[in-house]
Amino acid sequence: APEKEVLQLSLGERDKISFQHENLKGVSSFLSFDENKSKRVIDFSQQPQNKALSENSDDESVHSTLRKSLFKKSGNVHKNTEFKAGSVDVKEIGAYLNASENMKEVTKEGFLRNNHAPITKDSDFTLHRVNNEEMVSENGIKIQSFSNASEILDVTGTTGRKLEILRAVTEIPTQFRSIFKEFPYFNYAQSKALDDLLYTDRNFVICAPTGSGKTVMFELAITRLLMEAPLPWLNIKVVYMAPIKALCSQRFDDWKEKFGPIGLTCKELTGDTLMDDLFEIHHADIIITTPEKWDSMTRRWRDNSIVQLVRLFLIDEVHVIKDESRGATLEVVVSRMKTIQSSLWCHLEKHDTVPPLRFVAVSATIPNTQDIAEWLSDSKMPAVCLKIDEDQRPVKLRKIVLGFPCSDNQTEFKFDLTLNYKIASIIQTYSEQKPALVFCATRKGVQQAASVLAKDAKFLLSIEQKQRLQGFANSLKDSKLRDLLTYGVAYHHAGMEISDRKIIEGAFTVGDLPVLFTTSTLAMGVNLPAHLVVIKSTMHYVGGVFQEYSETDILQMIGRAGRPQFDTTATAVIMTRCSTRERYIQMLNGADIIESSLHRHLVEHLNAEIVLHTVTDVTVALEWIRSTFLYIRALKNPTHYGFSSGLDKVGIEAKLQELCLKNLNDLSAFDLIRMDEANNFKPTETGRLMAWYYIAFDTVKQFFTIKGTETLNELITMISNCTEFVDVKLRTNEKKILNTLNKDKDKITIRFPMEGKIKNREMKVNCLIQAQLGCIPIQDFTLTQDTGRIFRNGLRVT
């Protein structure tokens, strides 16, 4: 075909296939994974812009010859693989394209994250309508159509619908292409987001199911910043914020490898980071952090030039904003970044240009993404809001909710134990001999369930697999785990030795370990995709009581189902009581609206803003409230925030002002802020300490009872009661060790023993503080971890 010409091949009466030739870069054949046999799949890549001429010819023989040379059969056969990415159900494909001389064949070895739509195995390419969604060719290949991504290759059949092809990595400037070297094409969601992320600076919110390649979208935004920023990149900081430390560590390892070669340094800044590391952050280009840590950093932002250099702010899992304990921090941090930006504008407008700060947020599937976008919009330009449907998930997810009978006199513990005996049949029914991940509520539950399954089930393991598992088992420190692993079963939780955890993760990731039991807390962080995910019981133990998982937790766990490079389908099974089955079916079909929880924690955050001089009087306080997500939601759903439903905007603003004043009065009552003659707020020394050291209001109130005559014993008791230690849990299996530390005539015990047995969190904290200060060794790994956490927080408090 001559250059800059379009060939139109008439296939039957109205069936046409048009090849826009100029940018048709060639053909890639990829490997797709199916039972260790490599098969070929074909795709076309092309840039969207094309001005081409069209030439018609009526000579039927020309067409048939050309058609045959285009759709030549190859010897490769693709059996029973179901392709999904807006793509194809394929029973048998052997399509190979032999192009004319000026088209090169491009082969890409390695597994793909993206599944691509193959062409067909035959020269008879006639499409018939099946229903509105699909086109079927005579060979029985169903082709599901894309909705508006960038049009590249355009196949129009009798239906007149278009099949669109994905964007190629070759669109990325050469010097940044190595960041995306693992795949030649962006998947559907990434292709749809590419134009806004790579070619504009607009704030961006994407709502997509877990597993749709959202990390790549962050990488596109970073690439955009690097393309626009002049070299050397000295005064650029990118902040990536995720709700969980494990997620931060994962991103840190990944990005260190990807961005290191192009000259960017990454630094992790989480609760485990020491103050010395803050010096290193001055030299880091990409800062990876949690909302709490970034909040405490930015509370000193006036003497912290780092914060003013942030040009790109990436928020992962933004739906965590509705989490009652942690959502408020995320919300305040983002609102503060917006405030810092606007105050810089005010101060520097005359003599300096302030580089804009861009927000890119990613959320799991939630109904009100538009509210998040509205919150992140700036005065000049609304944020882009992109929703990707569940059916565009690269791996199709089947969701099953099973209800089990639970009698009234059965405790949660008993019910949980009965479910252990149901797991073998669920794995047999749904796992298709592929890796399964089972989430349990407690660390003890994880071990019990794994032991039951190892007795109940026999896994078909190849000799090589058994040998490899034996190799993994030999390097484990935990003897119980060593025995289980040889049966093809293992467990994994935060209380294990880190080296053991890494070995188990490795065995599971390579596919040698058929079943892994883990705690729900690890669901958020460690990336362990599985073909089957089972949530064993929907109740978990929090702060001494059983409660249902939040929707965020459930979505996170389910999101682990499906391994894009190996699977085209995946299954998630929720095991719950018959009485709650309907509730979870509802949850999976439509999601709850995300609300703010800032009104519950307003007092600490208002104090911090006063210390920062962001809020200086009541009018400014209301202005600050207007920059929050709370304001956007309160206008739409006032009853959730305790306001009456008939209020108009003015009425709701008045209510928010009232809420502000109540909190300001509380701060004033404890002398944390003062008012001067002009009604401006001034922080006191105590208020400043509360903000800088990130202390809870309840803790400060408790400290106001100190007389100065307390004994050491009384001070330790007081510190043990602080709100800062709420996430320390007292576990049943620790009581024996703790009681021995408290009172034991044969062993070294703590200096100030407590009355009676250790029965609550406060007593545990007290016991561990004394053991550490008294240099009493503790042989238990989880207690050592807890002691570390207590001392990190305790240093701030004291």
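In helix α25, which spans residues 712-720, the residues I716, M718, I719 and S720 are buried, and the buried residues of this helix pack against α24 (697-703) and α27 (761-773). The model in which this packing is seen is a predicted one, and its confidence should be kept in mind while reading what follows. The mean pLDDT of the protein is 75, with 75% of its residues reaching 70 or more. Over residues 1-163, however, the pLDDT is below 50, although this stretch has 336 contacts in the model beyond near neighbours in sequence.

Taken as a whole, the protein has 28 helices and 30 strands, and 53% of its 798 residues count as buried. Where contacts join residues at least 6 apart in sequence, 70% of them are between residues at least 24 apart.

A second helix shows how burial can be arranged around an axis. In α10, which covers residues 412-420, the buried residues are E412, F415, D416, L419 and N420. Seen down the axis of α10, these buried residues fall within an arc of 155°, so they line one face of the helix.

From the helices we turn to an open sheet of 6 strands, whose order is β21-β28-β25-β22-β24-β23 and whose pairing is parallel. The edges are taken by β21 (396-404) and β23 (489-492), each of which has a single partner strand, so one side of each is left without a neighbour in the sheet. On average, and with direction ignored, neighbouring strands of this sheet are turned by 20° against each other.

Within this sheet, β25 can be followed through its pairing with β22 and with β28. Strand β22 (residues 436-440) and strand β25 (residues 532-536) pair in the parallel sense over 4 bridges, and in this pairing L437 stands opposite V533 of β25. With strand β28 (residues 569-577), β25 pairs in the parallel sense over 5 bridges, and the bridge partner of I535 in β28 is I574. How is β25 placed with respect to the rest of the structure? Of its 5 residues, 5 are buried, so β25 is largely enclosed by the rest of the structure. In a regular strand the side chains alternate between the two faces of the sheet. In β25, L532, V534 and K536 point one way while V533 and I535 point the other way, and all of them are buried; the charged-residue name K536 therefore appears in the buried set alongside L532 and V534, since 5 of the 5 residues of β25 are buried.

Strand β14, which spans residues 204-207, offers another case of this kind. From β14, F204 and I206 point one way and V205 and C207 the other way, and all are buried. This strand is joined by 4 bridges to β19 (residues 358-363), the two running parallel, and F204 stands opposite V360 in β19. A further 4 bridges join β14 to strand β20 (residues 384-387), again in a parallel arrangement, with C207 standing opposite K387 in β20.

Aromatic side chains form the last topic. Counting ring pairs whose centres lie within 6.5 Å, the total comes to 10 aromatic pairs. One of these is formed by F180 and F186, an edge-to-face pair with 5.4 Å centre to centre and 75° between the planes. The rings of F183 and F186 have their centres 5.7 Å apart and their planes at 70°, so this pair is edge-to-face as well, given that planes over 60 degrees apart count as edge-to-face. F186 thus takes part in a pair with F180 and in a pair with F183. Are these three rings buried or exposed? F180 counts as buried because its relative accessibility is 1%, F186 counts as buried at 0%, and F183 is buried with a relative accessible area of 4%; the cut-off behind these assignments is under 20%. Elsewhere, F218, Y240, W255 and F259 form one aromatic cluster.

Key. Residues are numbered from 1 along each chain as its sequence is written. This is a predicted model: local features need pLDDT of at least 70, side-chain atom pairs count only at pLDDT 80 or more; totals for chains, interfaces and linings use all residues. Side-chain values use heavy atoms; hydrogens and water are left out. Buried means under 20% relative accessible area, exposed over 50%, partly exposed in between (1.4 Å probe, protein chains only). Two strands pair if DSSP finds at least two bridges between them. pLDDT is the predictor's confidence in each residue, from 0 to 100. Contact means heavy atoms within 4.5 Å. The arc is that of the directions from the helix axis to the C-beta atoms. Axes are lines fitted to C-alpha atoms, for helices over the stretch in contact, and angles run from 0 to 180 degrees between N-to-C directions. Rings of Phe, Tyr and Trp (its six-membered ring) pair if their centres lie within 6.5 Å; planes under 30 degrees apart count as stacked, over 60 as edge-to-face and the rest as tilted.
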